[in-house]
Amino acid sequence: MKGRLLLARHAETVWHRENRYAGSRSDPDLTERGLRQVGTLAAGARAAGVDAVVSSALRRAVRTAEPAARAVGVELQRVPELREVDFGELEGRTRAEADPERVRRFLADPVAHPFPGAEPPVEAAARVSAALRSVAERHPESTVLVVAHSTGLRLALCALLGLPVAEYRRIFPRLDNVAVTELRLPDDPSRPASLLSLNRILLA
């Protein structure tokens, strides 16, 4: 068995107030609350004995991860493949600002009905899950904090756990900002991962 992956969603951004979709082409700033969350994650990473810190290359993830890397005395590793999904025409918008019929179809089956111009969810799930496997392979027997994004992580969790990707919104309805989901990947990539905990705040 490989080491533990602690998968964390980045801290709160200014778009959270309006529930706007921030994907791979958007990078809103962190809020004041988000900056406080960054400190909470850093303290929790130190208490959890994190050995390495990895993040998406998007600014909101890097700003969330850098203090944790400093807290445990390692250099932050940026992995572009951990970026958020591209939401196509929904990027930067709320669902209320989108076509209601497209929203309805997307919510019913996001795999069959992604928004126009969006990255297909199955492809995003494969991209992020492959990046997580690569991180685990580079850090065997280690505890690795991975800071990434809500939709990308939920899709990857489905892929790694052998769950239907089309059901990611129902199975994992939300990942809270700086909350951690703990995963252990098997040596055999054909076997599902082990979910050790879900959506919890690391305590200092």
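Before we set off, a word on names: helices here are DSSP runs of at least four residues, and they are numbered from the N terminus. Keep in mind, too, that this is a predicted model.

With that in hand, let's start at the largest pocket. Helix α5 gives the most to its lining, with three residues. You can find α5 at residues 150–161, and it shares the job with α1 and α6 (168–171), the elements that also give two or more residues to the lining. The pocket holds about 630 Å³ of space. In total, 27 residues line it, and if you head for the centre you'll find Arg-9, His-16, Asn-19, Ser-150 and Arg-154 nearest to it. What sort of residues make up this lining? By class, eleven are charged, nine are polar and seven are nonpolar.

Now for the sheet. It is an open one with six strands, and if you walk across it you meet them in the order β3-β2-β4-β1-β5-β6, with mixed pairing. At the edges sit β3 (77–78) and β6 (194–200), each of which pairs on one side only. Further in, take a look at β1 (residues 4–9) and β4 (residues 143–148): these two strands pair in the parallel sense, over six bridges. To see one such partnership, pick out Leu-5, whose bridge partner in β4 is Val-144. Helix α2 packs on this sheet, where it touches β2 (52–55), β3 and β4, and its direction makes about 170 degrees with that of β2.

That brings us to α2 and its neighbour. The axes of α1 (residues 32–47) and α2 (residues 59–72) come within 8 Å and cross at roughly 35 degrees. Which hand does the crossing of α1 and α2 have? It is right-handed. On the α1 side, the residues that meet α2 are Leu-35, Val-38, Leu-41, Ala-42, Ala-45 and Arg-46. Facing them from α2 are Arg-63, Thr-64, Pro-67, Ala-68, Ala-71 and Val-72. Sorted by class, this contact has nine nonpolar residues, two charged ones and one polar one.

Last stop: the enclosed space. Rolling a probe the size of a water molecule over the atoms shows where empty space is left. How many cavities of 30 Å³ or more does the structure hold? Just one. The largest cavity has a volume of about 100 Å³. Its lining takes in 13 residues, and the closest to the centre are Val-85, Phe-87, Phe-106, Glu-119 and Pro-121. By class, that lining splits into ten nonpolar residues, two charged and one polar.

Notes
Residues are numbered from 1 along each chain as its sequence is written. This is a predicted model: local features need pLDDT of at least 70, side-chain atom pairs count only at pLDDT 80 or more; totals for chains, interfaces and linings use all residues. Side-chain values use heavy atoms; hydrogens and water are left out. Axes are lines fitted to C-alpha atoms, for helices over the stretch in contact, and angles run from 0 to 180 degrees between N-to-C directions. A crossing is left-handed if the near helix is turned anticlockwise from the far one by less than a right angle, and right-handed if clockwise. Contact means heavy atoms within 4.5 Å. Ala, Val, Leu, Ile, Met, Phe, Trp, Tyr, Cys and Pro count as nonpolar, Asp, Glu, Lys and Arg as charged, and the others, Gly among them, as polar. On a 1 Å grid over the protein atoms alone, a cavity is a set of points where a 1.4 Å probe fits but cannot get out, and a pocket is an open set with protein on both sides within 12 Å along at least five of seven lines; lining residues have an atom within 4 Å of a point. Grid points are joined across faces, edges and corners, and a volume is the space filled by probe spheres set on the points. Two strands pair if DSSP finds at least two bridges between them.
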